[in-house]
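Hello,

Here is the structure you asked about. My notes on its surface and on one of its chains follow below it.

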Amino acid sequence: MKNTIKNIALTAAMAIAGATVQGQSLTGYFMNNLPNTNIYNPAFNPKCKVYVSIYDIYAGAGNSGFAIKNMYKHVPEDDKYIVDLDQIYSSLAKKNYLFAEQNVQLFNFGFRIGEGYAHAGLSLRGFQSVSYPKDLLKLKDGTYFDEESKIDLGGLGVRANLYYQYSFGYSWEFSDKITFGAAIKRLKGIADVRTKKFDLVMTTDDDMYDVSLKSDVELQFSTGADIEFEYDEKGMIKDANATNMDFDDMTSDDWKKMLWKTKNGGWAMDLGMTYKFDDRLSFAASLIDFGGIKWKKYGKTLEQHGTFDFTGVDIAKYFDNLDSIGDVLTDSIAAFASPTDNSKAYTDWLNTKLYISAEYNVNKCIDLGMVFRGVWFNKGFHPSLTTSVNFRLGTATQISLSQSFINRRANVWGLGLSQQMGPIQLYFIWDQFSPMFWAMNGSDMAEKWFKNTNIGAFQTGLSIIIGRKKYYEKALFE
Amino acid sequence: MKKDYLVKLIAGALLITTALNSCRDDFEFEEFDKSDDSIAFNGKVAAPLINSKIKFSDFKPETINKRLHFSTDNTGLIHMIIDQEDKVQALPNMLTPEEMAALGLVPQPWQKQYTTEKQDVYRDNEKGTLMIKNPSFTLNSKTMNGSKIDLQINEIQFYKEDGTLLKTVTPVNPEYAESVTVDNSTTNGELSEALDMMPDYYIMTYTAKSDELKSNEKMRVNIVIDMPLEIKAKGFSIADTIELDIDDILENVDQLLLKSKAENSLPIDIKFQAYFIGKETRIDLLYAEGPWEIGAATTDDDGKVQKTVVVNHETTFEKNRIEGLLNNKCDKLVYEIELETVQDKYVKITDIQNIFMRMSMCAEAGYSTKD
């Protein structure tokens with residue numbers, strides 16, 4: 001029993017295993033028992049008079065490329081598994097990304113004003129991603145191929161940010177059928193790094209294998225530290241130091257400067273509306289996180305542009321000193337690869353999301369929902385489609401089951417649970433239930449499903465909700 | 001209400017019990033447990049190696065006298081110049097003519113015959129015959145205190161390395177001058193004949209004289225051998241050695257393809273071969289099928305290029321040959337270039353002639369992180 005509970009706890013921890021690039025769970029969209037569904041659409045009105053969110057923690061990560069099952073190949077003669085780069089390569093899209101996202105609500109509350117609803121909150125939000133092109137894995141086969149010998153590493157890059165978000169929102173019923181909502185968000189950036197541009201193409205000629213490298217790279221970053229780079233004689237970065245603080249001996253003032261007294265600010269807004277077609281069918285649309293942060297304090301840009309064409313060494317110049325050829329080559333490569341830096345403010349836009357949904361009330365305890373979600377991220381638009389069935393067992397319990405098409409996979413099954421106990425509401429949401437299911441079910445099917453998982457998220461929260469009962473019709477068991 | 005509550009409770013308990021009972025016992029993946037934690041790479045890497053326009057004057061192996069250099073005359077003809085210095089000679093302290101006159105003596109000019117040390121011509125690494133049409137030897141003197149010294153070349157004796165005398169060349173009607181030159185015209189063509197024998201070294205006998213020597217004077221002669229490259233070559237080969245460290249490069253290579261391309265505008269047939277040496281033993285050849293042959297370009301009598309020769313060549317090192325190099329600890333590469341002029345006539349090597357050479361490689365390799 002003890003082991004079982006421990007294992008379930010471990011599995012629950014493993015459930016933080018992949019996310020959409022969303023910051024909000026796929027499954028939670030239709031969980032209208034939760035007071036903070038206005039994060040999906042500011043026109044969504046919580047079904048209560050007042051709420052105070054004690055905590056809401058969201059964490060997710062994922063890989064749009066391969067899953068566990070794509071990584072390994074069994075070698076029967078040795079009864080071993082080896083990393084299968086060919087399989088990983090064939091499972092990739094042209095552009096892929098690893099990502100993780102965190103959203104911690106430090107406080108959040110809302111209250112009804114007439115037919116409208118006002119809410120405010122403070123969150124700490126973080127996002128990290130590494131983008132990688134399929135051609136990166138092409139290097140497993142070397143640099144020369146029988147067909148076109150071209151490796152395009154364009155799109156390789158990193159993105160990470162950490163910021164505070166103060167949000168103030170309001171929704172109002174425009175008519176019996178239409179509700180509008182908006183939220184304004186003040187953003188305070190703590191740290192940011194992003195690859196603004198990464199173009200790197202390597203070609204190898206078929207005749208005499210001449211190699212050409214063309215690159216255009218721009219990396220921007222800002223932290224609370226004023227970073228200065230030191231370069232060696234070849235122009236390569238050999239060290240980076242903070243001029244306004246000592247990383248090895250940080251004072252409390254230094255931490256405050258970095259984490260709280262940040263001067264990098266920005267704005268974002270959420271817009272939304274709902275339309276009640278009739279008593280059963282309703283539609284909603286929203287645009288979330290439309291905005292960005294201007295990283296002006298200690299904003300830095302590292303750039304590298306160049307072309308390196310190598311057609312062989314002119315040994316006529318080095319007959320007397322063949323040993324120097326190596327140095328000449330490394331100097332040439334360093335001249336091509338060496339970056340320059342400058343202090344430049346820049347704006348980094350948030351991952352703006354678009355939601356379009358439809359909800360159908362089957363009866364007072366079952367809803368069916370479908371939501372299309374698209375995220376602008378990394379110069380691309382990333383869509384997903386989620387369908388869900390939502391059960392209300394009384395006014396206190398809601399269970400939501402969802403299925404999503406996302407990242408070329410349809411095996412994303414989510415589960416959401418919320419339970420009211422007096423004024424306290426506790427909820428858990430898994431966007432990809434496969435890890436929990438794998439932990440609870442020892443079948444091969446569960447294992448196959450988990451190994452085919454590359455995305456998921458977990459959200460949990462605790463809220464105090466006052467004055468909810470009048471907003472619910474009697475449901476199952478009542 | 002109570003009934004509803006009971007139903008919820010029982011349903012919940014059933015759910016939890018079922019879930020707990022079906023929990024798996026181990027949370028391990030066979031893939032992770034039985035993984036050998038290595039990643040294998042297997043593919044081809046290709047890159048160019050050499051892209052060079054090599055003039056005759058660019059090639060200067062260290063084994064040739066270190067004072068060798070090339071120059072070009074106003075016709076474009078390349079001259080190979082060897083500049084050699086003999087040892088310093090201390091000259092006697094003589095009375096000046098004024099001092100002799102004061103003593104009632106008749107001033108006599110000073111004169112002495114000297115022999116140089118052994119001076120290098122060709123070394124062991126050069127084989128075959130290289131005939132120079134119009135070579136010359138020039139003898140110059142340098143003094144420390146500014147005395148004027150006149151020189152006369154008496155004879156030049158050419159030897160092989162073992163001391164065998166090949167030929168003695170004596171100038172006809174030798175003259176005295178501060179800088180004196182002998183060539184075929186002053187030796188009845190014997191100078192060319194001597195050099196055609198590919199001597200390893202020579203010793204020159206010369207006479208130095210002066211009307212006035214300053215006190216504590218020292219003299220050093222230097223000999224400049226000028227070989228204008230109007231040449232005939234018969235199997236003339238030059239060899240040199242390069243140190244190699246191939247273990248890191250070839251360890252994971254399964255196959256290596258070397259592509260070579262040359263465009264020759266030199267009027268010389270060239271054969272190129274290289275030998276892989278390990279523990280002082282020849283292990284393998286670069287070109288297993290025989291040396292890479294590059295035909296001579298067609299030039300006119302002035303050395304102007306009329307038609308170049310383009311040659312492509314590929315050679316493959318399979319796994320067994322690569323293993324042979326590694327197992328036998330190959331640590332040197334000896335390359336040999338053999339030159340041959342065609343039609344048994346002298347050809348001019350000018351500074352506009354060159355060999356444009358390209359060499360590239362494509363390696364098929366396998367690598368595992370476990371290694």
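A surface patch, as used here, is made of residues with over 30% relative accessible area and no salt bridge, and nonpolar side chains are joined into one patch within 5 Å. Please keep in mind that this is a predicted model.

Nonpolar patch, chain A. A nonpolar patch of about 1,000 Å² lies on the surface, made by Val50(A), Val52(A), Ile54(A), Leu106(A), Phe107(A), Phe109(A), Phe111(A), Ile113(A), Tyr170(A), Trp172(A), Phe174(A) and Ile466(A). Two or more of these residues come from each of β1 (50–63), β4 and β7 (157–173) of chain A. The most come from β4(A), which gives 5 residues. Trp172(A) sits in strand β7 of chain A. Its relative accessibility is 37%, so Trp172(A) counts as partly exposed.

Positive patch, chain A. Lys94(A), Lys95(A), Lys150(A) and Lys379(A) form a positive patch on the surface. Of these, Lys94(A) is placed in the loop between α2 (85–90) and β4 (95–113) of chain A. Lys94(A) counts as exposed because its relative accessibility is 69%.

Chain B overall. Chain B has 6 helices and 24 strands. It has 371 residues, of which 47% count as buried. The accessible surface of chain B is about 19,200 Å², and carbon and sulfur atoms account for 50% of that. Among chain B contacts between residues at least 6 apart in sequence, 82% join residues at least 24 apart.

Regards

Methods:
Residues numbered from 1 in each chain as written. Chains lettered and ligands numbered in written order. Predicted model: local features only at pLDDT ≥ 70, side-chain atom pairs only at ≥ 80, totals over all residues. Heavy atoms only, no water. Patch = residues over 30% accessible without salt bridge, like charges linked within 9 Å, V, L, I, M, F, W, Y side chains within 5 Å. Areas by Shrake-Rupley, 256 points an atom, 1.4 Å probe, with all protein chains shown as cover. Salt bridge = Lys/Arg side-chain N within 4 Å of Asp/Glu carboxyl O. Lys, Arg positive; Asp, Glu negative; His and termini not counted. Charge placed at Lys NZ, Arg CZ, Asp CG, Glu CD. Helix = DSSP H or I, 4+ residues; strand = E, 2+ residues; numbered from the N terminus. Buried < 20%, exposed > 50% of the residue type's maximum accessible area, 1.4 Å probe, protein only. Contact = heavy atoms within 4.5 Å.
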